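The exercises that follow ask you to read a fold from its coordinates, one step at a time. Please keep the sequence and the structure open while you work through the solutions.

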Amino acid sequence: MKGWMALLISTSALVGSHASEAAVRITDDPGGRIGKYIFRYERLRASGHSVIIDGFCASACTIVLAMLPSDRICVTSRAELAFHAAWDIGPRGRPLTNAGATRMMYLMYPASVRRWISQRGGLTRRTIFLSGSPLKAMYRSCSPEPAREEGSETSGPRQD
């Protein structure tokens, strides 16, 4: 029932608004397969919607920074991005760094994000986190910062 209510609220927020006024909110997205995110964000870019990063956005989720113009991305005080090297499942189910995919992701990011990543040793198996002032120096703050109801977090992008 809760999922249907979120869908109804999202749909009603879009009805009567122009595409450029609609926004997708990222609140709790742990990432996943790179190709899936590239496809998702290509569609988002074509839609004209903006993105509000309002929570955790990790791994492949961060490709949003590469796929949308920075003027269509804003961050809240809750925004936290997590970066690491791309990996595949190797023998015995162990993760193996995929150097090609890691380089592709790194080169996709805007220059300011690449500089920040490089200053922290690059994309490795170790996860690095971007939030607070360093993130707000790269992306505009959502203004006014959108309110978020308790218990309304969703996994992955949500349309507001």
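Two strands are taken to pair if DSSP finds at least two bridges between them. The structure is a predicted model, and every value below was computed from it.

**Exercise 1. Find which strands pair with strand 4, and which residues stand opposite Glu-80.**

Step 1. Begin with strand 2 (residues 50–58), which is joined to strand 4 (residues 80–83) by 3 bridges, the two strands running parallel.

Step 2. Turn next to strand 7 (residues 128–131), which is joined to strand 4 by 4 bridges and runs antiparallel to it.

Step 3. Now look at Glu-80 in strand 4, where Phe-56 stands opposite this residue, while in strand 7 the bridge partner of Glu-80 is Ser-131.

**Exercise 2. Work out which residues of helix 4 are buried and which are exposed, and what covers the buried ones.**

Step 1. Take buried to mean under 20% relative accessible area and exposed to mean over 50%. By this cut-off, Ala-101, Thr-102 and Met-105 are buried in helix 4 (residues 99–108).

Step 2. Look down the axis of helix 4: the buried residues fall within an arc of 100 degrees, and therefore they line one face of the helix.

Step 3. On the face turned away from that buried side, the exposed residues are Ala-99, Gly-100 and Arg-103; Ala-99, for instance, counts as exposed because its relative accessibility is 58%.

Step 4. Ask what lies over the buried residues of helix 4, and you will find that the cover includes helix 2 (34–47) and strand 6 (95–97).

Step 5. Finish at the N-terminal end of helix 4, which is capped by Asn-98, with a side-chain oxygen lying 3.2 Å from the backbone nitrogen of Gly-100.

**Exercise 3. Carry out a similar analysis for helix 5.**

Step 1. The buried residues in helix 5 (111–119) include Val-113, Trp-116 and Ile-117.

Step 2. These residues cover an arc of only 100 degrees around the axis, so they are on the same side of helix 5.

Step 3. Arg-115 and Gln-119, by contrast, are exposed on the other side of helix 5.

Step 4. Among the elements that cover the buried residues of helix 5 are helix 3 (64–67), strand 4, helix 4, strand 7 and helix 6 (132–138).

Step 5. Just after helix 5, note the backbone of Gly-121, which takes a positive phi of about 95 degrees.

**Exercise 4. Locate the aromatic pairs formed by Tyr-37 and Tyr-41 and by Phe-83 and Tyr-109, and describe their geometry.**

Step 1. A search of the whole structure gives 3 aromatic pairs. One of them is formed by Tyr-37 and Tyr-41, whose rings lie 5.9 Å apart centre to centre with 55 degrees between the planes, a tilted arrangement.

Step 2. Place this pair in the chain: both tyrosines lie in helix 2, 4 residues apart, which is about one turn of the helix. Residues three or four places apart point the same way because an α-helix has 3.6 residues a turn.

Step 3. Check the burial of each partner: Tyr-37 counts as buried because its relative accessibility is 2%, and Tyr-41 is buried as well, with a relative accessible area of 1%.

Step 4. Move to Phe-83 and Tyr-109, which form an edge-to-face pair, 5.4 Å centre to centre with 80 degrees between the planes. Phe-83 lies in strand 4 and Tyr-109 in the loop between helix 4 and helix 5, so the pair ties together parts that are 26 residues apart in sequence.

Step 5. Both Phe-83 and Tyr-109 are buried, and together with Trp-116 they form one aromatic cluster.

Step 6. Return to Tyr-37, because the charged end of Arg-40 sits over its ring, 4.6 Å from the centre.**Exercise 5. Identify which side chains Arg-25 and His-84 meet through polar contacts.**

Step 1. Arg-25 lies in strand 1 (residues 23–29) and, at 5% relative accessibility, counts as buried.

Step 2. The side chain of Arg-25 makes a polar contact of 2.9 Å with the side chain of Asp-54.

Step 3. His-84 is found in the loop between strand 4 and strand 5 (87–89), and its relative accessibility of 15% means that it counts as buried.

Step 4. The side chains of His-84 and Ser-59 are joined by a polar contact of 3.0 Å.

Step 5. Leaving aside neighbours within four places in sequence, the residues in contact with His-84 include Ser-59, Leu-123 and Thr-127.

How values were computed. Residues are numbered from 1 along each chain as its sequence is written. This is a predicted model: local features need pLDDT of at least 70, side-chain atom pairs count only at pLDDT 80 or more; totals for chains, interfaces and linings use all residues. Side-chain values use heavy atoms; hydrogens and water are left out. Buried means under 20% relative accessible area, exposed over 50%, partly exposed in between (1.4 Å probe, protein chains only). The arc is that of the directions from the helix axis to the C-beta atoms. Contact means heavy atoms within 4.5 Å. A polar contact is a pair of N or O atoms within 3.5 Å; within protein, one must be able to donate a hydrogen and the other to accept it, and residues adjacent in sequence count only if both atoms are side-chain atoms. Rings of Phe, Tyr and Trp (its six-membered ring) pair if their centres lie within 6.5 Å; planes under 30 degrees apart count as stacked, over 60 as edge-to-face and the rest as tilted. A charge sits over a ring if NZ of Lys or CZ of Arg is within 6 Å of the ring centre and within 35 degrees of the ring normal.
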